[in-house]
Every structure is written in structure tokens, then in C-alpha cells.
Amino acid sequence: MDEKLSAVLDLYHERMRAERSQPRTEPPGGRDGGQDQRMRAIGPDTGQLMNILARSLDKPTILELGTSFGYSGLWLADAARSTGGKLITMELHGYKSAYARDMAEKAGLADYIDHRVGDAVQMIGDLTEPLDFVFVDLWKDLYVPCLEAFYPKLAPGAIIVADNMIRPGTEDVKKYSRAIRAKPDISSVLLPVGTGIEVSRFKAD
């Protein structure tokens, strides 16, 4: 990891520490009100593990569902830079995507990230290239609809990582776990990293 990326990650870590010291409050307008400033970011342990997993692939097309403020995307973009791949990251809110773009510029990773804003399920449907790595970390009721949307687009040997599988461990993430494990050509394991991640692998040819 180079100094530019490390410095930007440190800025995120400082914001994460400040956020976690404050009481949780519902943003004005609810989750889609466009005023939510909480990062809800993965921690560095999850980021490092995803970076390692993505680096195991050759020139991967990486899809991130839920850009938020861009923290996890930097770990994935760093892997893309190292392997000759690219990251496509999707976010509902333009203000979050804009913040993520700015931080990617500061980290020297902007050239490896394609930021897209809108409805994730619809945007997944518009993708035309095979996906080698997918990170699922958006609103939990969208986990299964997104799975059904990206499943037909998985490349042989693709890796899928879903966050928040242990905490908060809602019924929606349990539905996702059951759904992905029901796919006959996917193997899956739950790992106690961060808030719990489901790591799945699509069969190779």
C-alpha cells in the first residue's frame, strides 16, 4: 500500500472512530432522504481480507453494491490496480458517490473506479461484462434482489462477499444466506471477520 492510499484510509479511520463514539440517530428523511452522513463502513480487517481475495484474480471486473462514502471501494480499487482490473461501484445517492470520487482522487485510485449512481438492481441489469468479484453491502432488503440480478453475470471462479451477516444478522441477511447457498454451483462459508462476512465462490469451468 502506497503512502497516498494509506493517508486517505487514515482520514476514514478517524471519521469512523468519531462516528462510533456518537449515538446512532436516524437521518432526516429516512434511509433514502439524501441526508444520511453515517459511513456505516466496513472495518480494516474486512477491507484487508477483501483486498487479498480480489488480488487472487487476474484482471478482475469488481462490482461493489453500496459505495457509501467510498472506504471499502479503496481496498477493492487497490486490488484492481495491482491486478490490472477495475472496480464498478454503485450508490443510490449522488452526494455519497461524489465524496467517494474525491477521496479516490486523493488516494490516486480514481482511474480504476467507475462510479455509478442510481438503483442497484436496475444498474446491475445494464452490465454486459462478466463479474469476477462482487461485494454486497447496501440496504439488507436488497441483498436477495441484487443476488438474483448479478448471479447470471458471474464469471467462472467469481468471488462474492456479503457484509453484516452476523451483526446485525437481520432476517434479510438470513434470506440472502439461504438464497446463495441454494445455488447449486456456489460454495459458501460464513467468516467471523468484522460484522460477519459470507464468502462465496462460483464454480470454475
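Proline 60 sits in the loop between α2 (44-55) and β1. The model described here is predicted. In this model proline 60 is buried, because its relative accessible area is 1%, and the cut-off for burial is under 20%. Beyond its neighbours within four places in sequence, proline 60 is in contact with Ala54, Thr83, Gly85, Lys86 and Asp132. Leucine 87 is 27 residues from proline 60 in sequence. In space, the two C-alpha atoms are 8.3 Å apart.

The loop that holds proline 60 leads to β1, one strand of an open, seven-stranded sheet. The strand order is β3-β2-β1-β4-β5-β7-β6, and the pairing is mixed. Strands β3 (113-117) and β6 (186-191) form the edges, each pairing on one side only. On average, neighbouring strands of the sheet are turned by 15° against each other, direction ignored.

Within the sheet, β4 lies between β1 and β5 in the strand order. Strands β1 and β4 run parallel and are joined by four bridges. One bridge partnership links isoleucine 62 with phenylalanine 133 in β4. Strands β4 and β5 are also paired in the parallel sense, here over five bridges. Valine 136 stands opposite alanine 162 of β5. Strand β4 is mostly covered, with six of its six residues buried.

On the other side of β5 in the strand order comes β7. Strand β5 (residues 154-162) and strand β7 (residues 197-202) pair in the antiparallel sense, over four bridges. Alanine 162 has glutamate 198 as its bridge partner in β7. Helix α6 (residues 143-150) packs on the sheet and touches β1 (61-65), β4 (131-136) and β5. The direction of α6 makes about 175° with that of β4.

The buried residues of α6 are Tyr143, Cys146, Leu147, Ala149 and Phe150. Viewed down the axis of α6, these buried residues fall within an arc of 165°, so they line one face of the helix. In an α-helix there are 3.6 residues a turn, so residues three or four places apart point the same way. The cover over the buried residues of α6 includes strands β1, β4 and β5. Helices α5 (120-126) and α7 (171-181) are also among the covering elements.

Helix α7 packs against α6 at an angle of about 25°. The axes of the two helices are 8 Å apart. Angles under 35 degrees count as roughly parallel, and α6 and α7 are therefore roughly parallel to each other. From α6, the contact involves Tyr143, Val144 and Leu147. These residues meet Val173, Lys175, Tyr176, Ala179 and Ile180 in α7. The contact residues divide into seven nonpolar, no polar and one charged.

A further loop position is alanine 110, between α4 (94-107) and β3. Alanine 110 is partly exposed, with a relative accessible area of 23%. Not counting residues up to four places away in sequence, alanine 110 touches Ala104 and Glu105. Alanine 110 is 34 residues from valine 144 in sequence. The C-alpha atoms of alanine 110 and valine 144 are 29 Å apart in space.

Terms used
Residues numbered from 1 in each chain as written. Predicted model: local features only at pLDDT ≥ 70, side-chain atom pairs only at ≥ 80, totals over all residues. Heavy atoms only, no water. Pairing = 2+ DSSP bridges. Axes fitted to C-alpha atoms, helices over the stretch in contact; angles between N-to-C directions. Contact = heavy atoms within 4.5 Å. Buried < 20%, exposed > 50% of the residue type's maximum accessible area, 1.4 Å probe, protein only. Arc of directions from axis to C-beta. Parallel < 35°, antiparallel > 145°, perpendicular 65-115°, else oblique. Nonpolar A, V, L, I, M, F, W, Y, C, P; charged D, E, K, R; others polar.
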